[in-house]
Amino acid sequence: MKIKLFVLFISLVCFKSGFSQKSSVLTTDDLNKYVTEFNTQDKEEAVINLVPNAQSFDWLSKNIPLFDCPDSAIEKVYYFRWWSYRKHIKQTPEGHVITEFITPANHAGKYNAISSGLGHQINEGRWLHNQQYIKDYINFWFFIDPKHKVQRFHAFSSWVQDAVLDHYKVSLDKPFLANLMPELDADYRKWEQEKQAANQMFWQFDVRDAMEESISGSRKEKNIRPTINSYMYGNAKALVEMAEMFGNDTLKHRYKAKADFLKKVVHEKLWDDTASFFKVQYEKGGLCDAREAIGFIPWYFDLPKDKPKYAKQWDQLLDDRGFKAPWGLTTAERRHPLFRTHGSGHGCEWDGPVWPYATTQTLKGLSNLLTNYKHKGKMTKQVFYDEFHKYAMSHQMDDKIYIGEYQDEKTGEWLKGDNPRSKFYNHSGFADLIINDLIGLKPRADNKLEINPLVPQGQWDWFCLDRVSYHGKMLTILWDKDGTKYGKGKGFRVFADGKEIAKSNRLKKIKTRL
């Protein structure tokens, strides 16, 4: 009897594996091609963590969604960013962590863990098929880091509650979230104890926002910044949604009040009506006279009111004197007299250079504006696509693919050079921007599937995002203008475990039952 059951189990496993392969549209041929190229360029492989280069193709084949599109730069960087993300997964005696720097950093905690890019790392990692890596890493900050003599979690501002909820909306792992709920609540209250000003808003040093040497910032003055106030608004909103999920009315009402308050005061205290921009308020009073990229962060959490006066802020993305530059979006407006004046290019300058960290936040905010708001100002899907393509093109050094810390906005020079600590810098997002924003898969906690692509009409004749692990199913999302590319028919089509569940003749928003 035991032998028969074992044979049945093996048969079911083989059937499921065979079905998964049959239901896939894309093969791993392109992935193999890219991995071979990346491995060849990284012959020295100076640091090896959980998955060495030699095993990277096998690991990636089992863990990442596959992607195919006509924009070769975007496609190649998609696979490069997964290949480099894999380098940062580190096995420890206390579970997995995701590192930011590939080499040891002086300001890191145990196992070289740093929390500054945590939100980006969770958002990127939520799309891995094996979620144990990300669950271990989240647990590390809430359960392991507090045991250490020197705790590092609150060394940097964080939108971790928001990121944890977004992770849940992909995995639907309710027991994991339930176990975290008391810690998420306690973490928010700890931030209130540490960084809440007398007016109940949040202050932060720019260095603790991971954005040191900014025009508006200080390492001593307790300035009220759009960063941490937007993060805490997003975190409060996430706690409201999680409290509703678990039927905790006390928690729900508490954080609803906090979110409502922060939304109100960010508009009242941080909006500069003359400059049409959200800005830093100095501890001594008054707003900074510089527009900075951190003013776009409120849209990352849908904080701003849906009115034309606020949407007007985004016009600065189209202005060469604003944030538009040849190599990407700058971290401060180019017209300001203090633009690029805070260092030599060898420190951490947030006074203008292009930082992938900030580019990720700004593009995510723009995506939300285009997707969730009626008033969009001059912003279009084409603006999003053009800036995202520029972001992809910036991944280069000496004609080879590369990701580092930050760049000269005119030349694309990585201002840390080929510094070992900057190589494969894991401090931003890319794959998530493709899956969640460009292709537009919007994770939800219910059984509805929502896809709202930002690919402009006429930009691509085809694309395919395949093997996306979502709510326990494998999704395929494809656009095939004339039906000849993938052989699945014309138009925009969505499959779950190989079964077509939605289609449209046009590339437009789709909402269906999963």
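These legends walk through four close-up views of a predicted model.

**View A. Helix 12 and helix 13 pack against each other.**
Start with two helices: helix 12 covers residues 356-372, and helix 13 covers residues 381-393. Two packed helices are described by the angle between their axes and the distance between the axes. Here the axes come within 10 Å and cross at roughly 160°. Angles over 145 degrees count as roughly antiparallel, so helix 12 and helix 13 are roughly antiparallel to each other. The crossing of the two is left-handed.

**View B. A closer look at the residues where helix 12 meets helix 13.**
On the helix 12 side, the contact is made by Pro-356, Thr-359, Thr-360, Leu-363, Leu-366, Ser-367 and Leu-370. Helix 13 answers with Lys-381, Val-383, Phe-384, Glu-387, Phe-388 and Tyr-391. Sort the residues of this contact by character and you get 8 nonpolar, 3 polar and 2 charged.

**View C. Two aromatic pairs, each joining separate parts of the chain.**
The count of aromatic pairs in this model comes to 46, and two of them are picked out here. In one, Phe-38 and Trp-83 sit 5.5 Å apart, centre to centre, with 55° between their planes, which makes the pair tilted. Phe-38 belongs to helix 2 (residues 29-41) and Trp-83 to helix 4 (residues 72-87), so this pair links distant parts of the chain, 45 residues apart. Phe-38 counts as buried, at 2% relative accessibility, and Trp-83 is buried too, with a relative accessible area of 1%.
The other pair, Phe-101 with Tyr-425, is also tilted: 5.0 Å centre to centre and 35° between the planes. Look for Phe-101 in the loop between strand 3 (95-98) and helix 5 (118-125), and for Tyr-425 in the loop between strand 9 (400-401) and helix 14 (431-438). The pair therefore ties together parts that are 324 residues apart in sequence. Both Phe-101 and Tyr-425 are buried.

**View D. Trp-314 and the residues it touches.**
Trp-314 is found in the loop between helix 11 (308-311) and strand 6 (324-325). Is this residue buried or exposed? Trp-314 has a relative accessible area of 0%, so it is buried. Leaving aside residues up to four places away in sequence, Trp-314 touches Phe-296, Trp-299, Thr-362, Gly-365, Leu-366, Leu-369 and Met-379. Leu-366 may ring a bell, being one of the helix 12 residues in the contact with helix 13. For a sense of scale, Trp-314 and Asp-173 are 36 Å apart in space, C-alpha to C-alpha, and 141 residues apart in sequence.

Notes
Residues numbered from 1 in each chain as written. Predicted model: local features only at pLDDT ≥ 70, side-chain atom pairs only at ≥ 80, totals over all residues. Heavy atoms only, no water. Axes fitted to C-alpha atoms, helices over the stretch in contact; angles between N-to-C directions. Helix = DSSP H or I, 4+ residues; strand = E, 2+ residues; numbered from the N terminus. Parallel < 35°, antiparallel > 145°, perpendicular 65-115°, else oblique. Left-handed = near helix turned anticlockwise from the far one by under 90°. Contact = heavy atoms within 4.5 Å. Nonpolar A, V, L, I, M, F, W, Y, C, P; charged D, E, K, R; others polar. Phe/Tyr/Trp six-rings, centres within 6.5 Å; stacked < 30°, edge-to-face > 60°. Buried < 20%, exposed > 50% of the residue type's maximum accessible area, 1.4 Å probe, protein only.
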